[in-house]
Amino acid sequence: GGNDPPFDDTFPPLSEYLDNSKNWPKNCPFLHLKFTDFAILDKQRFIKHAYYFWYYLVFLFTWDVMGAIIAALISPTPSPEQVYFNFVFGFLGFWCFFFGHFRLLYLAMRSRKSWLYILYEFETVVLLFLTIFMIFSLLGNMVQLLAPLAPGSPVPVRQQPLVPAVVQSVGIFFWAIALCMCFYFIRKAHYFNQLSLADEKEIWLRE
């Protein structure tokens, strides 16, 4: 019809009308994207992995705040500053990693600009080192919590420290998963940065 958008048989199909119906992710209240019409399936899966990984990070921040509160209540040397740090860190991480991890990757894939991929890889390296810091921080908290249980320890036992120690150990496991995911995102982003437009078009045609 006369109102139909012009047919675009080029690759990638980046016509403006593709964004007239931004319907993904449906459960994200403040940002909708239209990604499925201009990307190969592997890219679609990767951007969804990045989006759900942001959810996973939000879960980790929440878990850390909960663990810090429990540790502050039971630790022989309470540290309210740790609770404040985890709360502020989680609040900032909620926004920083949404725009710096998920949104930045979306822009890099959409525009196919190498410098955006490099910036995304740098951000993921920062996240990787942050993950390592969190693992060692939780290990330190565990040592502090379990110190009163050591034979001959002069540190008094305020309450049973095993519960917060278990929470901290589970947090270490969760952050270790995040560490592995950082390597995955760096490797995959590098692959897409090196993928030529001709090779991507060939994959797109086979799909």
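Phe-87, Val-88, Phe-91, Leu-92, Trp-95 and Phe-99 together make a nonpolar patch on the surface, with about 640 Å² of accessible area. The model that shows this patch is predicted. The protein has 5 helices and 0 strands, and its elements run α-α-α-α-α from the N terminus on.

**Surface**

- One member of the nonpolar patch is Val-88, which has its place in helix H2, residues 80-111.
- Val-88 has a relative accessibility of 45%, and it counts as partly exposed because that value lies between the 20% limit for buried and the 50% limit for exposed.
- The accessible surface of the protein comes to about 11,500 Å², and carbon and sulfur atoms hold 69% of that area.

**Burial and the nonpolar core**

- Of the 207 residues in the protein, 44% are buried.
- The largest nonpolar core has 41 residues.
- The members that touch the most other members of this core are Phe-53, Leu-57, Leu-60, Leu-105, Met-109, Trp-175 and Phe-192.
- At least two residues of this core come from each of helix H1 (41-74), H2, helix H3 (114-146) and H4.
- In soluble globular proteins, nonpolar side chains tend to be buried together.
- Beyond residues up to four places away in sequence, Trp-175 touches Leu-57, Leu-60, Phe-61, Asp-64, Thr-131, Met-134, Ile-135 and Leu-138.

**Contacts across the sequence**

- Among contacts in the protein with a separation of 6 or more, 74% are between residues 24 or more positions apart.
- Leu-128 has its place in helix H3 and is buried, with a relative accessible area of 8%.
- With neighbours within four places in sequence left aside, the contacts of Leu-128 are Leu-179, Cys-182, Phe-183 and Ile-186.
- Leu-128 and Phe-183 are 55 residues apart along the chain, while their C-alpha atoms are separated by 7.8 Å.
- Gln-168 lies in helix H4, which covers residues 162-194.
- The relative accessible area of Gln-168 is 3%, so this residue falls under the 20% limit and is buried.
- Apart from neighbours within four places in sequence, Gln-168 is in contact with Gly-67, Ala-68, Ala-71, Leu-138, Asn-141, Met-142 and Leu-145.
- Leu-138 appears in the contact list of Gln-168 and also in that of Trp-175.

**Aromatic rings**

- The whole structure contains 26 aromatic pairs.
- Phe-53 and Tyr-56 form a stacked pair, at 6.2 Å centre to centre with 20 degrees between the planes.
- Phe-53 and Tyr-56 are separated by about one helical turn, because they are 3 residues apart in helix H1.
- Phe-53 is buried, with a relative accessible area of 3%.
- The pair of Trp-54 and Tyr-55 is edge-to-face, because the planes of the rings stand at 65 degrees with the centres 5.3 Å apart.
- Within that edge-to-face pair, Trp-54 is buried at a relative accessible area of 4%, whereas Tyr-55 is partly exposed at 33%.
- A cluster linked by ring pairs consists of Phe-46, Phe-53, Tyr-56, Phe-59, Trp-63, Phe-173, Phe-174, Tyr-184, Phe-185, Tyr-191 and Phe-192.
- Phe-53 and Phe-192 belong to this cluster and are also among the residues that touch the most other members of the largest nonpolar core.

How values were computed:
Residues numbered from 1 in each chain as written. Predicted model: local features only at pLDDT ≥ 70, side-chain atom pairs only at ≥ 80, totals over all residues. Heavy atoms only, no water. Helix = DSSP H or I, 4+ residues; strand = E, 2+ residues; numbered from the N terminus. Buried < 20%, exposed > 50% of the residue type's maximum accessible area, 1.4 Å probe, protein only. Contact = heavy atoms within 4.5 Å. Patch = residues over 30% accessible without salt bridge, like charges linked within 9 Å, V, L, I, M, F, W, Y side chains within 5 Å. Areas by Shrake-Rupley, 256 points an atom, 1.4 Å probe, with all protein chains shown as cover. Salt bridge = Lys/Arg side-chain N within 4 Å of Asp/Glu carboxyl O. Core = buried A, V, L, I, M, F, W, Y, C linked by side-chain atoms within 4.5 Å. Phe/Tyr/Trp six-rings, centres within 6.5 Å; stacked < 30°, edge-to-face > 60°.
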